[in-house]
Amino acid sequence: MSAASTRQYHAHFDCFSGAAGDMLLAACLDAADFLPHPLQRLKAADGDAKFAPETKQSEKLLAQISHDLENGLPEMKGEFELSVERVWRGSGMIAAKKLHVKSIYKHESAPVPGTAKDPSAQEHHNHSHSHSHHHSHEHNDDHHSHEHSHSKGNAKVDEKEEPQKKESHLHHSHHNHNHSHSSSGNHHNHSHHHSHQGESKDGGHTHSNLRNLPQIAQMLKEAPSKYIPRKVATLAIDAFTALAHAEMHTHGAESIDQVHFHEVGAVDSIVDTVGTLLALHYLCDGQDCHITCSRLPMGEGTVWTDHGLLPVPAPATMRLMVGMPTCPGPSGVTGELVTPTAAALLRVLTGANNQAKQGKRGDYWQPKVIAGRPPSMVPIAVGLGAGSKDFERHPNVLRLILGDCSTQKQTSPDTDTNKETSVSAANDETEQIINQIENVSKEPGRNFEEVNTSKVKSVTNTESSHLWNSNTLTHLEANIDDATPELMAHAIDLLLENGAIDAWIVPIVMKKGRPAHSLNCLCHDEKAKESDLLAIMFRHTTTLGIRIHRNILRASLKRRFIKVQLPYRNNDRDGEVDVKISSFKNDEVVSLKAEFDQCKLIAKESNVPLKIVSSTAVRMAWQLIQTDTSALHSR
């Protein structure tokens, strides 16, 4: 059994600069070159492709994906071409892979094969021609559109590239003819094309037999599992369905089957989605791979579309981000940062879509909220996928971190499975609480007290160490500058007598340089006890306000008492002293302390120095513990 087959894979997409479908696939391809093992499941395109020994794994993986798409989805044969290049992004010159998907439909919705709108039904591909595609997947620009020119014959295309920022392309063509092309350009204006069945051209939409969700789903369901594994097909259908629901709600359609739109029908969207799922399938050796993603940058500004000027994120993208972790975009960047294709794919991969109901229209958007953090794992490969736009202040890249979770989950044979499960659940709850607190910190006008911390107590208790106890307490605190020392001392006594675990005074300096004191006490996390102690502080001090700090986590040792008989017996206690034993849960003694008031009485009445009485009591207690372990359990 290979080392790769024993791993438990986890893939984390770090989308700090944004996310687009081509960036996701490019990051997967880049990660293939850094794996510590060869990709086991590459079939080298059924032996059709012959690779040189020095061929990179990313090149083999791209050839495999191209082969699987062409043979698994024969309806798309001849419709697209894949190429990849090495580019550098940002002032720090961060290297990443850039994917190009070239479509004969110029990135618009593809027609149903065999219809009048299908170019493949009108012309033969047995000729030579050249393509010049000026496009990029510039998800960070203010507008999206594709500029293309297509000329037949021997027309030459001028291509201007920055030598220091680009390398040669690797191409995988799916046309049955010889051709050359160039790919360049700095903007990708992304237009959404919609038409709803039953509407006329006069209403702003056109009748057309475009390849929409039902056709895409049918293609994937009928795809041979030899090329498109069942899980890949299912996830792809889920992603396109989520996208269709977003568009349905955005445009008020009655059914997802009535929605025709650019992102589903466009060949590059299909290739990006299915290609990314295939890449993850091969990177994870065909195993189930858990997926997480970072917070998705919201972006700001507006974007021009066929529907006019829209806010960023665009309406459909925003719906797809419901339940996903989000954050502000990089400073100084405006425009769309996350494309609908990427949002739909990440939504399905991370499981945010799992709890979305598909019944009534109003019930669909009830997703599970995901945390946006990777789990504990050992990273084994990192891949970077580049967007088209090049920012100066930060690299426009998406990062894939592929890790192995198996080493993190190894436990000893006697480990309690139920305990491990409860700790895992506690960690999940803790992460949700952390996310909630982080969100509150960014919302003006909200206090941390508003956060629902009902779960904190149970979570922290499950994290108690094997050596000490952990519990949650409440801390009461008041600053006082006009009370006498006698009054403060009296308040301390009252607090301790009425259930405070501890009480203390801290000297402080308040406004105008006034010397003052901070009165503090700790109590158990009980409303009744808290109320009693608050009443004492208000009644017996001059304070007008008390700060309440709840859910204070305290670690404490196990405490017990042992009685020792001192040789100094001419006193009211007859030489008997209680010694406090502080120990870990495993009974390892950490410290011994004789009760001060008892030692003080014996010292006074027996005329023996207090320090001698105290040290004698501690020494006798230690000797007793060493000779009789049962003494540890005495009170």
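**Helix crossing, an aromatic pair and an enclosed helix**

Q: In this predicted model, how are α13 and α14 oriented to each other?
A: The axes of helix α13 (residues 596-606) and helix α14 (residues 610-627) come within 9 Å and cross at roughly 125 degrees. Angles over 145 degrees count as roughly antiparallel and those from 65 to 115 as roughly perpendicular. The crossing angle of roughly 125 degrees falls in neither class, and α13 and α14 are therefore oblique.

Q: Which hand does the crossing of α13 and α14 have?
A: The two helices whose crossing is in question span residues 596-606 for α13 and residues 610-627 for α14. Their crossing is right-handed.

Q: Which residues of α14 meet α13, and how many residues of each class does the contact have?
A: From α13, the residues Phe-596, Cys-599, Lys-600, Ile-602 and Ala-603 take part, and they meet Leu-610, Val-613 and Ser-614 in α14. Sorted by class, the contact of α13 with α14 has six nonpolar, one polar and one charged residues.

Q: What kind of aromatic pair do Trp-468 and Phe-584 form?
A: A search of the whole structure finds one aromatic pair. Trp-468 and Phe-584 form this pair, with 6.2 Å centre to centre and 50 degrees between the planes. Planes under 30 degrees apart count as stacked and those over 60 as edge-to-face, so the pair at 50 degrees is tilted.

Q: How many residues apart are Trp-468 and Phe-584?
A: Trp-468 is in the loop between α10 (456-462) and β18 (469-480), whereas Phe-584 is in the loop between β23 (576-583) and β24 (589-594). The pair thus links distant parts of the chain, with its two members 116 residues apart.

Q: Is Phe-584 buried or exposed?
A: Its partner Trp-468 has a relative accessible area of 32% and is partly exposed. Phe-584 has a relative accessible area of 17%, and because buried means under 20%, Phe-584 is buried.

Q: How many residues of helix α8 are buried?
A: The buried residues of α8 include Pro-340, Thr-341, Arg-347 and Leu-349. Helix α8 spans residues 340-349 and is largely enclosed by the rest of the structure, because the buried residues number 10 of the 10.

Q: What percentage of the residues in the chain is buried?
A: The secondary structure of the chain comes to 14 helices and 24 strands. Of the contacts in the chain with a separation of 6 or more, residues 24 or more positions apart account for 72%. Among the 635 residues in the chain, the buried ones make up 49%.

Methods:
Residues are numbered from 1 along each chain as its sequence is written. This is a predicted model: local features need pLDDT of at least 70, side-chain atom pairs count only at pLDDT 80 or more; totals for chains, interfaces and linings use all residues. Side-chain values use heavy atoms; hydrogens and water are left out. Axes are lines fitted to C-alpha atoms, for helices over the stretch in contact, and angles run from 0 to 180 degrees between N-to-C directions. Helices (H or I, at least four residues) and strands (E, at least two) are DSSP runs, numbered from the N terminus. Angles under 35 degrees count as roughly parallel, over 145 as roughly antiparallel, 65 to 115 as roughly perpendicular and the rest as oblique. A crossing is left-handed if the near helix is turned anticlockwise from the far one by less than a right angle, and right-handed if clockwise. Contact means heavy atoms within 4.5 Å. Ala, Val, Leu, Ile, Met, Phe, Trp, Tyr, Cys and Pro count as nonpolar, Asp, Glu, Lys and Arg as charged, and the others, Gly among them, as polar. Rings of Phe, Tyr and Trp (its six-membered ring) pair if their centres lie within 6.5 Å; planes under 30 degrees apart count as stacked, over 60 as edge-to-face and the rest as tilted. Buried means under 20% relative accessible area, exposed over 50%, partly exposed in between (1.4 Å probe, protein chains only).
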